[in-house]
Amino acid sequence: MVTGELKSKIDSLWEIFWTGGLTNPLDVIEQMTYLMFIHDLDDSDNTRAKEAAMLGLPYESAFAKEVQVGDRSIDGSQLKWSVFHDFPAGKMYSTVQEWVFPFIKNLHGDKESAYSKYMGDAIFKIPTPLMLDKIVTAMDGIYEQMAQLKAADTRGDVYEYLLSKIATAGVNGQFRTPRHIIRMMVDMMEPKADEIVCDPACGTSGFLVAVSDYLKENRKQEVFFNRQNRDHYMNHMFHGYDMDRTMLRIGAMNMMTHGVDNPFIEYRDSLSDQNPDREKYSLILANPPFKGSLDADIVSTDLLKVCKTKKTELLFLALFLRMLKVGGRCACIVPDGVLFGSSKAHKAIRKELIDGNRLEAVISMPSGVFKPYAGVSTAILIFTKTSHGGTDKVWFYDMKADGYSLDDKRSETKENDIPDIIARFHALDAEHDRKRTEQSFFVPKEEIVGNDYDLSINKYKQTEYVAVEYPPTSEIMAKLDELEMEIGAEMDALRELLGL
């Protein structure tokens, strides 16, 4: 969350770009992304070197060798942010333009990798040495501020704030999912070392990065000390698709900075026939677009068989079911309308989730979760693909707080249901006896089917009314008379004191 001094610093950085002649917001975001990647590459290289030393594993720094550009070569250490940011403006500019930029464009040896695909057409557009010097100094200040705030996802937070400056941001339903919500969903799904993970609307790869972080924190031994699992993690585990090349470029750099060498991140319209994936993934995590234009003619026909609609949120649910292996799991964010919409398509997709597969949980989130960018009420659906049913009861949770105020400011608060949601989800056996008046409870499938497959929590939640007893009217009137007499006595005493 970008607030206070950090917000001011980013505004100042934006102003440097603007006054320097870069007035296209997407150009600003791209140039900032490259520079953030260069900064983070230095940090992550140092971190990975330390981790390798602690674990007794071999590690070769990306900056260890001489870097060749054309027929010239330079010591790789000169390309580190921590080194060149102290250079005079002219030398810094020539170093970044002539060496650092070609270096990051060719950083990944595999020319077919996601990184190579989306960095191949990257252009350094900062026009003058003085402007670059100002930008680097401003970014050092931003990173220093972020370190003080102990905020981990610098790139994501800054990018989210920059998107808010673009008039068209959100036209296609693209809003960055808050990091703590992503982390909650990943913690609930508990990814394993052999997962094949996909986000078919990946944006900046927030969900994929969170899975990577989860495995590092919880399955380090299993993933990194097993050659087969490590190769799978680096080259085969992570898949992401999006229709925005800027997003894909940022996503590829984001994954690489987080230690995943070769994620499969590709330009693809997931809902069209461009996407051939069937029964391929063991885990899907996504926050698909809720709105935006959709050309019905290019939507894959097999998705329309499940639910004939132009609504992207319904088509994505049908897509998730198609892309998952049998036994594969999904946690996705949907707008509230998916839970109770009365159209044929709405009912058809809910019926497919409940009758055709195993719907496990519906977590209702408050409408402020996506503020200040959108005020839509949302929910998280968690289900397993079985293709043969299996839903016997569904767990509902009414999230009332996510650790931040639910207004546009989104300030940190003490009220936070997320730890409770994760704990209860991992101990569902203890949930069977909960009453409908509590924050979470089970609802049997038969009741949901009887309610036209309605999944809104308010349909099943019971409100407990506590009777309040008031004293009789005569007693209230007597009390008022008594108060009036006391006021009269006090007024008389005040007049006497004033000599009136």
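The paragraphs below lead through this structure, from the whole chain to its cores, a hairpin, some single residues and the last helix.

The model is a predicted one, and its chain of 500 residues has 51% of them buried. The secondary structure comes to 19 helices and 13 strands, and the C-alpha atoms fill a box of roughly 100 × 80 × 50 Å when this is taken along the principal axes. Taking the contacts between residues at least 6 apart in sequence, 73% join residues that are at least 24 apart. The surface that the chain exposes comes to about 23800 Å², and carbon and sulfur atoms supply 51% of that area.

A good place to enter the interior is the largest nonpolar core, which has 48 residues and in which Leu-13, Phe-17, Leu-132 and Ile-135 touch the most other members. The elements that give two or more residues to this core are helix H1 (4-19), helix H2 (25-55), strand E1, helix H3 (81-84), helix H4 (89-105), helix H6 (129-149) and helix H12 (245-257). Among these, H6 gives the most, with nine residues. Ile-135 shows how such a core is joined: leaving out residues up to four places away in sequence, Ile-135 touches Leu-13, Ile-16, Phe-17, Leu-35 and Ile-126. There is also a second, separate core, which has 47 residues and includes Ile-182, Tyr-214, Leu-285 and Ile-380.

Strand E1 leads on to a hairpin. Strand E1 (residues 66-69) and strand E2 (residues 72-75) run antiparallel and are joined by four bridges, with Gln-68 standing opposite Ser-73 in E2. Two residues lie between the strands of this hairpin, where Gly-70 takes a positive phi near 65°.

Further along the chain, helix H16 (residues 344-356) has a set of buried residues, namely Ala-345, His-346, Ile-349, Arg-350, Leu-353, Ile-354 and Gly-356. In an α-helix there are 3.6 residues a turn, so residues three or four places apart point the same way. The cover over the buried residues of H16 includes helix H13 (301-306), helix H14 (312-323), helix H15 (337-340), strand E8 (358-365), strand E9 (378-384) and helix H18 (445-450).

A charged residue can also be followed into the interior. Glu-431 is found in the loop between helix H17 (418-425) and strand E13 (440-444), and Glu-431 counts as buried because its relative accessible area is 1%, which falls under the 20% limit. Apart from neighbours within four places in sequence, the residues in contact with Glu-431 are Trp-395, Arg-424, Ser-440 and Phe-442.

What of the cysteines, and how many disulfides does the count give? With a disulfide taken as two cysteine sulfur atoms within 2.5 Å, the count comes to zero. Cys-202 is in no disulfide, and the nearest cysteine sulfur, which belongs to Cys-198, is 8.2 Å away; Cys-202 is itself buried, with a relative accessible area of 5%. For Cys-307 the closest cysteine sulfur is that of Cys-332, and because it lies 13 Å away it is too far for a bond. Cys-307 is buried as well, with a relative accessible area of 1%.

The loop between H18 and H19 holds several residues that deserve a look. Asp-452 is placed in this loop and has a positive phi of about 60° although it is not a glycine. Tyr-453, which is also placed in the loop between H18 and H19, likewise is not a glycine and has a positive phi of about 60°. Asp-452 counts as partly exposed, at 42% relative accessibility, whereas Tyr-453 is buried, with a relative accessible area of 11%. Lys-459 is found in the loop between H18 and H19 too and counts as partly exposed at 45% relative accessibility. Not counting residues up to four places away in sequence, Lys-459 touches Asn-451 and Asp-454. Its C-alpha atom is separated by 49 Å from that of Glu-482, although the two residues are 23 apart along the chain.

Beyond this loop comes helix H19, which runs through residues 473-498. Because each residue is expected to add 1.5 Å, the 26 residues of H19 should span 38 Å, and the end C-alpha atoms are indeed 38 Å apart, in agreement with that expectation. Just after H19, Gly-499 takes a positive phi of about 70°.

How values were computed
Residues are numbered from 1 along each chain as its sequence is written. This is a predicted model: local features need pLDDT of at least 70, side-chain atom pairs count only at pLDDT 80 or more; totals for chains, interfaces and linings use all residues. Side-chain values use heavy atoms; hydrogens and water are left out. The expected span of a helix is 1.5 Å times one less than its number of residues. Buried means under 20% relative accessible area, exposed over 50%, partly exposed in between (1.4 Å probe, protein chains only). Two strands pair if DSSP finds at least two bridges between them. Contact means heavy atoms within 4.5 Å. Accessible areas come from the Shrake-Rupley method with a 1.4 Å probe; for residues, only the protein chains shown count as cover. A nonpolar core is a set of buried Ala, Val, Leu, Ile, Met, Phe, Trp, Tyr and Cys residues joined through side-chain atoms within 4.5 Å.
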